[in-house]
Every structure is written in structure tokens, then in C-alpha cells.
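Q: I've got a new model open on my screen and would like to talk it through before I go back to the bench. Could you take my questions as they come?

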Amino acid sequence: TVVVVQGEEVTAHLVLAALPFRVEVTPSPLSLEKTKTGKLTATVYDVDGNIILGTFTFTWSSDNEGVAEVDASGLVLASDKGSCKVSAQESVSGKTGSAEVNVWMATVAKADIKPDRVVLSRGETADLIATAYDNLGAVIPYAAVQTWSVDDPSIAGITGTGNQVKVTLGPAAGTTTVRADFGGGVVATCKVTCESSGTIRLILE
């Protein structure tokens, strides 16, 4: 381009800023265990497929927040098992990219009930807490007990739901077993002995 400066011709080179052509969100797919977080990154490209360097502002969104939520920085929180699409829209050009997010749940390999020993007097109760673990021994915080049961309800009873319940004494003396069933054949057991004096002992098997 030729311009005139103080009566003289000067050649000037104009550099045009590249315009956003597409947005790519990576990694895709993003695989997360339920309750875990993962980071997505949005990158802007021009029409020739070159990355445009600079600072861009994106609006992040999830098409199913029941599966995964995303914050303003692209950090994804896995909410529940399933798949969804997380998108990033560049604020000036309106160009949008997206990534698939898959949320999975760990398989319960074993479980236990705690405490493993409790002594109660007649009329008192005790809390039982059931916990599930994966095959590496890590706690699975979202694994829920499907059913609680007592082999002999005349000796002991269970009140409440979820992974923490209360055990109470029944009218009869003797020994029975409390069971917390996580499904898939994984059952935690706790032996309950009600002594004639009205005291029970809880012993983890």
C-alpha cells in the first residue's frame, strides 16, 4: 500500500488481524468418574487452520447439567453417570466448539460397616455407617446401600435409610446379623449380640 507523507510516497505494509473461524474444545471425549473434575480448553483457529494467539473470552455451558456441570473457566464437575456435550462460545465472533463428556461410576468391590464394636444399654441406639470400596481399596463416596436387613428382627432393628442408620434393640436376647447390601453381590455384615442383661455388642465379621 502506497501512502503520501509530507509530499513523499511511502510504502506501508498493513497487517490484518486473523478472524476466528472455528473453536476447538479439548480433550474430547473427556472421561470422568462421578464426583471428579476435569479441565477443558478452548482454542481459536483462523480459516487456514492456524491457532490465533491472544486472549479470548468464552461462555461455557453444558447441555445436561444432571450429568456434568462446567464453570466459567472450563472446569467440569461430573454429576452423574451418562454423557453430555460441553460447549465454549467465543464472545466476540460467536464461534462455538464443543466436547463430549462421559461420566462413569466405579464398581463396588467390597464394603464394610463401622464401628466394628459397640456396646449399648437397653433403650440406647448406635449409628452404623456402611462404606463401599473399589478394587484398589479407594472409598467410593457416591455408592449407596440399596437395602439394610436384619436376620432376626426380634433381636435388633434398623431405623433410617442411606449409608448411615441406627441399630436398636429388639425384645429378644441372642445373636443376629445386620446386612448392608450394595448390590452386585457385595454385602457388608455386622454381627449383633443382645445379651440378657440388655446389652448388645456389634462385631464386624
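Q: To start with the outside, how much accessible surface does the chain have, and what share belongs to carbon and sulfur atoms?
A: This is a predicted model, and in it the accessible surface of the chain comes to about 11,700 Å², with 51% of that area belonging to carbon and sulfur atoms.

Q: And what share of the residues is buried?
A: Of the 205 residues in the chain, 36% are buried.

Q: How many helices and strands am I looking at?
A: The chain has 20 strands and 0 helices. As for how the chain comes together, 49% of the contacts between residues at least 6 apart in sequence join residues that are at least 24 apart.

Q: Okay, the inside next. Which residues touch the most other members in the largest nonpolar core?
A: Those are I113, W148 and F182, in a core that counts 25 residues. The elements giving two or more residues to this core are β14, β15 (147-150), β17, β18 (174-183) and β19 (186-194). There is also a second, separate core of 21 residues, and L40, A42, A68 and V103 are among its members.

Q: Why would nonpolar side chains gather like that?
A: As a general tendency, nonpolar side chains in soluble globular proteins tend to be buried together.

Q: Let me stay with β15 for a moment. Which of its residues are on the covered face and which on the uncovered one?
A: W148 and V150 make up the covered face of β15, whereas T147 and S149 make up the uncovered one.

Q: How does β15 run relative to β18, parallel or antiparallel?
A: The two strands run antiparallel, and 4 bridges join them. Within that pairing, V150, which belongs to the covered face of β15, stands opposite V178 in β18.

Q: Switching to charges, how many salt bridges are there?
A: The count comes to 4 salt bridges, and I can take you through three examples, starting with the one between E24 and R22, where the closest N and O atoms are 3.3 Å apart. E24 is partly exposed at a relative accessible area of 30%, and R22 is likewise partly exposed, at 34%.

Q: What does K34 pair with?
A: The side chain of K34 meets that of D80 in a salt bridge, with 3.5 Å from N to O. This pair links distant parts of the chain, since D80 is in the loop between β9 (75-78) and β10 (82-90) while K34 is in the loop between β4 (30-33) and β5 (37-39), and the two are 46 residues apart.

Q: Is K34 buried or exposed?
A: K34 is buried, with a relative accessible area of 16%, which puts it below the 20% cut-off for that class. Its partner D80 is partly exposed, at 33%.

Q: And what about the third example, K166 with D127?
A: The side chains of K166 and D127 meet in a salt bridge at 2.8 Å, N to O. Here too distant parts of the chain are linked, with K166 in strand β17 (residues 164-169) and D127 in strand β14 (residues 126-133), 39 residues apart. Both residues count as partly exposed, K166 at 35% relative accessibility and D127 at 33%.

Q: How many disulfides does the structure hold?
A: The structure holds 0 disulfides. Looking at individual cysteines, C84 is buried with a relative accessible area of 7%, and C190 is buried at 0%.

Q: Now the backbone. Which bond joins S28 and P29?
A: A cis peptide bond joins S28 and P29, with omega at about 5 degrees, and P29 lies in the loop between β3 (22-26) and β4. The peptide bond from K114 to P115 is also cis, with omega near 0 degrees, and P115 is placed in the loop between β12 (110-114) and β13 (119-120).

Q: What is phi of T35?
A: Phi of T35 is near 80 degrees, a positive value in a residue other than glycine. T35 is found in the loop between β4 and β5, and it is partly exposed, with a relative accessible area of 38%.

Q: Why point out those backbone features at all?
A: They stand out because most residues other than glycine have a negative phi, and most peptide bonds are trans.

Methods: Residues are numbered from 1 along each chain as its sequence is written. This is a predicted model: local features need pLDDT of at least 70, side-chain atom pairs count only at pLDDT 80 or more; totals for chains, interfaces and linings use all residues. Side-chain values use heavy atoms; hydrogens and water are left out. Buried means under 20% relative accessible area, exposed over 50%, partly exposed in between (1.4 Å probe, protein chains only). A nonpolar core is a set of buried Ala, Val, Leu, Ile, Met, Phe, Trp, Tyr and Cys residues joined through side-chain atoms within 4.5 Å. A disulfide is a pair of cysteine sulfur atoms within 2.5 Å. Contact means heavy atoms within 4.5 Å. Accessible areas come from the Shrake-Rupley method with a 1.4 Å probe; for residues, only the protein chains shown count as cover. Two strands pair if DSSP finds at least two bridges between them.
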